[in-house]
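Here is a short report on one protein model. Keep the sequence and the coordinates open while reading.

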Amino acid sequence: MAKEILLNAFNMNCVGHINHGLWTHPRDTSTQYKTLAYWTDLARLLERGLFDGLFIADIVGTYDVYGQSLDVTLKESIQLPVNDPLLLVSAMASVTRHLGFGLTANLTYEAPYLFARRLSTLDHLSNGRVGWNIVTGYLDSAARAMGLAQQPEHDRRYDQADEYLQVLYKLLEGSWDDDAVVADRERRVYAEPGKVRKVQHQGEFYKVEGYHLCEPSPQRTPVLFQAGSSSRGLAFAGQHAECVFISGQDQAATRAQVDKVRAAARAAGRDPRAIKVFMGITVIVAPTEAQARAKHAEYLRHASPEAGVAHFASSTGIDFAAYGLDEPIGFAKGNAIQSATRQLQDNVWTRRRLLQQHALGGRYVTLVGAPEQVAEQLIDWIDQTGLDGFNLTRTVTPESFEDFIDLVVPDLQRRGRYKTAYSEGTLREKLFGARHAYLPAGHPGATYRNPIPAPTGALHHA
């Protein structure tokens, strides 16, 4: 049976996310990101399109590497200003029944004890539709704003992340039994004291002693997303991640990256199929190919290649503005995103080439065409690379999502490659199957639960 494509909308609580400059397009509404209606309308739209989730990126800090200033960042709103993503969920969950929410939060600056409460609260309010995109940060501007001289070293950040997850598992999985809450009015017992236990953790990075503040939520631990592709990031993903987000430029390299993710899971003693792999992609579609090409050309006139390169500068830690248009850019290993700097290591890059690569304001694979052409290409990417799905970026908002839902989704459904209705249950159950609301028995987080769960799953909250 052919694999059904999983699909997240990729967005951010800001004006400019990936494809920079398109906020200037007359039909774009991204400057309304500060309003609840912008987000609740988007949630309804995505649920109409049967999207699995809305994946909301986030960043702590500012992009100040390009030109050693914030000038381009502020003029083009390159993820600045940016609002908190977690606060959006309650409103969007209230107008949907099925749409999941993948939320980015930087563990370097979040105390695990309080963050666990925020996750459980959102999981309760959404009835189990929350995921957490685990990031450790890469901007020195964030470190300085938080009182540090600079970011901790790359691999050291993952050492801290491993311990952070241990603390969260103890709180989310181990502090309360499934049947601790009885709400017995006659006995005046809401929770059985013998079924709630104190978490005690003494580690290198964290010291925690206390009870988790929330009763068990529908998923206990939210679905765990991660996007690291360095050797250390892959080891972390193999241990913890349930969904991994990668960035690919061609099918061969993407296939190799998917294989590395699966191998990392196997090396951690997990089933390689226990991880769903998503790739970021941009789609520009219209009823005919000619109309799609015309729309692409229209979008290019509003996009900002320089803003895209300024964003990429902070991803690599290299000030591209310091180079002439055709001057070779020197590679130097830094403390930023290693997958970004790897692109510069083995090729002769110039600022002119980078500007060409970022013609649409971003550097994701872009598919342009009629609905059947886009559908065929999406299916080919899935079949040739082993991907499970895509994080669909926005161009002109909400037009790009509307076009995809109205034109591409029906074509994928006709081909049997996209669902025609949501399944019931939590986000984890929708992604991995019924009766898997909690972390599965093969996941290290499940070992912190008391009692250790049977492989078939967990208590499902109504």
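The report moves from overall form to one helix, then to selected residues.

## Basis

This is a predicted model, in which local features need pLDDT of at least 70, side-chain atom pairs count only at pLDDT 80 or more, and totals for chains, interfaces and linings use all residues. Residues are numbered from 1 along each chain as its sequence is written, and side-chain values use heavy atoms, with hydrogens and water left out.

## Overall form

The protein has 15 helices and 13 strands. Both are DSSP runs numbered from the N terminus: helices are H or I with at least four residues, strands are E with at least two. The C-alpha trace spans about 75 × 55 × 40 Å along its principal axes.

How does the radius of gyration of the protein compare with that of a compact globule? For 462 residues the globule value would be near 23 Å, and the protein has 22 Å, which agrees. The radius is taken over C-alpha atoms, and the globule rule is 2.2 Å times the number of residues to the power 0.38.

Buried residues make up 57% of the 462. Buried means under 20% relative accessible area, exposed over 50%, and partly exposed in between (1.4 Å probe, protein chains only). The accessible surface comes to about 18800 Å². Carbon and sulfur atoms hold 52% of that surface. These areas come from the Shrake-Rupley method with a 1.4 Å probe; for residues, only the protein chains shown count as cover.

Contact means heavy atoms within 4.5 Å. Among contacts between residues at least 6 apart in sequence, 77% join residues at least 24 apart.

## Helix α6

Helix α6 covers residues 154-174, 21 residues in total. From first C-alpha to last, α6 reaches 30 Å, close to the 30 Å expected at 1.5 Å a residue. The expected span is 1.5 Å times one less than the number of residues.

Is α6 largely enclosed or largely open? It is largely enclosed by the rest of the structure, because 16 of its 21 residues are buried. At the start of α6, a side-chain oxygen of Glu153 comes to within 3.1 Å of the backbone nitrogen of Asp155.

## Annotated positions

An unreviewed UniProt entry places the feature "binding site" at Asp58, Thr104, His154, Tyr158, Ser229 and Ser230. UniProt positions are given in the numbering used here, feature names are shortened, and annotations may be inferred rather than shown by experiment.

Thr104 lies in strand β3, residues 100-106. Its relative accessibility is 3%, so Thr104 counts as buried. The Thr104 side chain reaches the backbone oxygen of Ile56 at 2.8 Å. That pair fits the polar contact rule: N or O atoms within 3.5 Å; within protein, one must be able to donate a hydrogen and the other to accept it, and residues adjacent in sequence count only if both atoms are side-chain atoms. Leaving aside residues up to four places away in sequence, Thr104 touches several residues, among them Asp58, Pro85 and Asn133. Asp58 is thus in the contact list of Thr104 and in the UniProt list as well.

Ser229 sits in the loop between β9 (223-226) and α7 (231-240). At 15% relative accessibility, Ser229 also counts as buried.

## Backbone details

Two cis peptide bonds and two positive phi values are listed here.

| Site | Feature | Value |
|---|---|---|
| Leu80 to Pro81 | cis peptide bond | omega near 0° |
| Thr397 to Pro398 | cis peptide bond | omega near -5° |
| Gln68 | positive phi, not glycine | phi near 55° |
| Arg220 | positive phi, not glycine | phi near 60° |

Pro81 is in the loop between α2 (71-76) and α3 (89-94). Pro398 is in the loop between β13 (389-393) and α14 (399-414). Gln68 belongs to the loop between β2 (53-57) and α2. Its relative accessible area is 59%, so Gln68 is exposed. Arg220 belongs to the loop between β8 (207-210) and β9. At 1% relative accessibility, Arg220 counts as buried.

## Strands β1 and β13

Ala9 lies in strand β1, residues 6-12. Ala9 is buried, with a relative accessible area of 0%. Ala9 and Asn391 are 382 residues apart in sequence, yet 5.6 Å apart in space, C-alpha to C-alpha.

Thr393 is in strand β13. At 1% relative accessibility, Thr393 counts as buried. Its side chain makes a polar contact with the side chain of Asn19 at 3.3 Å. Not counting residues up to four places away in sequence, Thr393 touches Phe401, and Ala9 touches Phe401 too.
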